[in-house]
Structure formats: C-alpha cells, structure tokens
Amino acid sequence: MNKRSQQIEALFRQGQHLHRAGRLAEAENAYRQVLLAMPRHAEALHTLGALALQCGNAEFAEQMVQQAIALKPAADFQLTRAHVLLALRRAEPAAEAARVVLRARPRDAAAHQVLGHALSDAGQPEPAIAAYLSALELQPDLPDIRNNLGTVLRQAGRLAEAEAELRRAPPEPGALVNLSSVQKERGAFVAAEATLRQALRIAPGDPALLYNWSLLMLLLGRPAEAWPGWEQRFRAGATPPRAFTQPQWQGEPLGGRSLLVHTEQGAGDVIQFVRYLPALLRPGIGGSVGFEAPARLIRLLSSNPALPPMVAADTAPPPADTVAPLMSLPARTDLVPADPPYLFAEPDRVAAWGRRIGDAGFRVGINWQGFRGRLEDRGRSFPLALFGGLAGIAGVRLISLQKGDGEDQVAGAGFALETLDGLDAGPDGFLDTAAVMATLDLVVTSDTSIAHLAGALGRPVWVALRLVPDWRWMLDRTDSPWYPTMRLFRQTRDGDWGPVFAAIADALAGVLGDGWFGGGIGDRP
C-alpha cells in the first residue's frame, strides 16, 4: 500500500472512530474526504450510508449503500441495505436483502432479526415469528429480540404468548409499552396501567409512553388524565407530523390573528371531531378561522353552514398566523362541541334514493368491513355471514352500505341482501351514503367511518364492538356520549361475534315486536 493509500485508510479509520464516539458531523466530514480522494472506496460509501440512515436520511443512505454494493457485494452492506429499505417502508425488498445475507451467513442472528422486521411490516406475522425465533435461538441476548417477538405475536393475535414473551424482555420503555398494549387488549386494564406507570418512572417524557397512557385513560373514561399525552401522538409517530412553520395555537384568544385547523387521521376521525369547529366562531375567540379538510369530505361537511370556510388538504394551505390539528381541539380548549345532527344529507339525493329504495319493510343498512390495510382493523371487522340472523327476521330488508374491502363477500352471502349500484361513485365521499341513511330505519355496522357518519347525521345506528374497542367507545356501556342515537353491542369474549349478533337480532326482533310505525327507530311514536 503506497503512502497516499495509507493516508486515506487512516482518515477512514478516524471517521469510524468519530462515528463510534457519536460525533456524527465530524465522522461524515471524514468519510466525505475519503471519497473525494478515492470515490470508489466501498467501505466509506457504506459507512456514509449507515450514518445517513442513523441521521434519518434514508434516501441518501440508499444511494450510498447501493454504490457500495455495486463495488463490493458484501453481506454487511446488504444487511445495512435491508435496514435502509425498512426505513423507506419497502418491506418486500428489505426481506429479500436480508435473505441475501442469510444465504451467505445462515447463522447471522441480526439478519434473521431484520428479516422478521421486514416480514412483520409486510403483514406476514407467522413467517416473522419464525425469523425472530431463529434469531433468538442463535443469539438469546440479541438487543430487542424478545420485544420484537412479543410484538409480532400480538400482530398475529396470539396475545397470551405475546404477553409471556414481553414479560421475558428487559424492562425497558419500548418493551413495557408493548406489554401494556397487550395487557389492554386482553382486558387486563389494572395491569396495563401499572405497566405504563413503571415505564413512565423510567422515561417520564417519552412520547410513545405518554401517548399510550392517553389511549388507556380515554378508554377507561378518564379524559382529564389523557389529554396531555394525547398531544404527544405526533412525536410518538402515531400520526405523521405536518410541516407547518407557524406556531401552534393552544386555545388562547386569537386577538385578530388567523387560525388554520388542519385535518388528520381518517375520515371517521374528521367526521367525529368537526363538531368542535362551530364553537371556534363564537364571540370571544376573535380572529378568523379556516379548516383544511380532506377534499372528498368537503361537500359533505359543507352541509353544516356553521363550519368555518374550508380548503382541500391536497392543495397549498392558505396563509395563517397559527395552526392547530383538528383532534387537538378538545385537549387545548374548553370548546363545547355541537350536538348531532351536525351533518346533513342533501335533500335531492335523499328524495332520489328514497324513490329507489322504497318504503317497504324495515330497512337496515349494514357494513361489516373496514380497511384491511390498517392494523387497527384486526378484530374490528367481521364476516358478512353474521348478518344471516337479522335477514331471517320477518319484514327486515338488509341493504349493503359496504364499499371497497369486504364487497367480495356479497356474492356468497347466502341470504337476501340488497346492493346499491353507483353508491358514492363520484369524487365526493359519503354523499350518497348519507342520503341512503336518511331513508333507512336503522344502520348496523362495524367500527368504521359508517358508524361516525350515521351518528353525526343523527340516524339510529347500532355498532358491533370487539371486547376491547377503540378508545372512543370506552367500556361497559351500551350508549355513546359522542352520538345519542347510537347503541353499542359488545363482545364478552375476544373474537366471539356470535353472542353479539344474537343480541342484535333479539333487539331488532324486539323493536319490530313492540310495533313499528315506520320512520326509523328513533322516530317511532
């Protein structure tokens, strides 16, 4: 090795030393100097990529690591590439990169672990479990491996095994928050609270812990203890943060300033929380208020003239002095929300769908499936076949409100089910569904946006809930403080929908047996 090469290698080793010491800016500078002197230095390209990933720049990391692999297809480089692809949310290529490493080094525990990450992210929990078990067998002290295994067991619905595995993990905040989530899902609320308190003693300011604490408190009906942690949902990674430069509004009088309330999360969340917006226009707040809403919901939301002016979320936001997320309004203010109905169906659509559906029988709109791509949908949705008991009640007409995921079950329903061709076929969401609901006597649904829409319209709606539901439905009650026309039917054993639908069928038979006069359950004399 000549003197110049020796100098380059010494500079590279210095960069590695700085990198290990956490002096990342200096390490990056050293790596870049190496590459200026020797652009095809594979190790420097690789370590610069690893450093970029460490700093959150996965796109640049991918460029560097790919160049390194082109020069030298080392297993270590492929392992880093797998991590980069995971950061870029490209789970399938990440799994393949991990498999490349394992073909060269079949006993590489870290590669088995990364393969488990990728398979879990790809929605394949059972193969992920196998990968993590291989990693655990090869290296029992591999950092975070028991936490990983417990988390993917939860993803697979194997909650008892998940809890057992997470109890074996070192009592670190990440494992404890996952243990608490499993305990909550199993209905062990006292244990879940105790576990979160233990984690918060270790890391009192951890955003993920505070956010999970808020979810538990909301579920338990203790909102005053929940709202501070609820505000951590962006820092916890539960909700993607928005790149606003304006200061956050904290509920103080605007004093002539302009406020932009911006949308977040799903359609059901927007429908639920827009009830707070009319109060922002009350005397005493001052200033001006605008609302950035999902484009497909603007026409539906515009049915309430008390809402502020709206702009579509997929366009450039208007100038504003301060901003606030929609779902932070109850945490930051004492605003009194509007009572349902606060959304309204378009009269012309109601008339058109009314003529099409007719007034014969007791008309029940049904929905059974949420978006399968969301982890939260596991346990919330149920098979269409469960509605068979309702279909057998004399005089009942079942009318599908299902769109997208779940429609494939209609052909094999095995009972009379009416479908509505052209329902919400246009760019505006829920306009037809709202109009149809206005003609129905009852809506029976899983925990989806359909439930929120029916409640916001003030229509009679029955919701079938899993044993431990989403926080907003709380526990041990058959009504909802959010929606007065809603009735809740709950599982008594996780995953067992049979008794839920038996109770719904009994209740519906009772309604009809009491003597029904048309116009919907809430309108009977």
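**Salt bridges and a buried glutamine**

This predicted model holds 38 salt bridges.

Biologist: What lets side chains pair in this way?

Modeller: Charge is the key. Side chains of opposite charge can pair when their charged atoms come close. The cut-off for a salt bridge is 4 Å, from a side-chain nitrogen of Lys or Arg to a carboxyl oxygen of Asp or Glu.

Biologist: How far apart are N and O in the salt bridge of E96 and R103?

Modeller: The two side chains meet in a salt bridge. The cut-off is 4 Å. The N to O distance here is 3.0 Å.

Biologist: Is R103 buried or exposed?

Modeller: Its partner E96 has 37% relative accessibility, so E96 counts as partly exposed. Exposed means over 50%. R103 has 58% relative accessibility, so R103 counts as exposed.

Biologist: Which residue forms a salt bridge with R332?

Modeller: The closest N and O atoms of this pair are 2.4 Å apart. R332 forms the bridge with E231.

Biologist: How many residues apart in sequence are the parts that R332 and E231 tie together?

Modeller: R332 lies in helix 17, residues 329-332. E231 lies in the loop between helix 14 (223-230) and strand 1 (258-262). The pair therefore ties together parts whose separation in sequence is 101 residues.

Biologist: Is R332 buried or exposed?

Modeller: Its partner E231 is partly exposed, at 21% relative accessible area. Buried means under 20%. R332 has 16% relative accessibility, so R332 counts as buried.

Biologist: Where does R380 lie, in the pair with D470?

Modeller: The side chains of D470 and R380 meet in a salt bridge at 3.3 Å, N to O. D470 lies in the loop between strand 8 (461-465) and strand 9 (486-490). The pair ties together parts that are 90 residues apart in sequence. R380 lies in the loop between strand 5 (362-367) and helix 19 (388-391).

Biologist: Which residues are linked with D470 and R380 in a network of salt bridges?

Modeller: D470 counts as buried at 15% relative accessibility. R380 counts as buried at 16%. Linked with them in the network are D269, D447 and R472.

Biologist: Is Q491 buried or exposed?

Modeller: Q491 sits in the loop between strand 9 and helix 22 (498-513). Leaving aside neighbours within four places in sequence, its contacts include L465, R466 and W497. Its relative accessible area is 4%, so Q491 is buried.

Biologist: Which residue has its backbone nitrogen 3.0 Å from a polar atom of the Q491 side chain?

Modeller: A polar contact needs N or O atoms within 3.5 Å. The backbone nitrogen at 3.0 Å belongs to L467.

Methods. Residues numbered from 1 in each chain as written. Predicted model: local features only at pLDDT ≥ 70, side-chain atom pairs only at ≥ 80, totals over all residues. Heavy atoms only, no water. Buried < 20%, exposed > 50% of the residue type's maximum accessible area, 1.4 Å probe, protein only. Helix = DSSP H or I, 4+ residues; strand = E, 2+ residues; numbered from the N terminus. Polar contact = N/O pair within 3.5 Å; in protein donor to acceptor, adjacent residues only side chain to side chain. Contact = heavy atoms within 4.5 Å.
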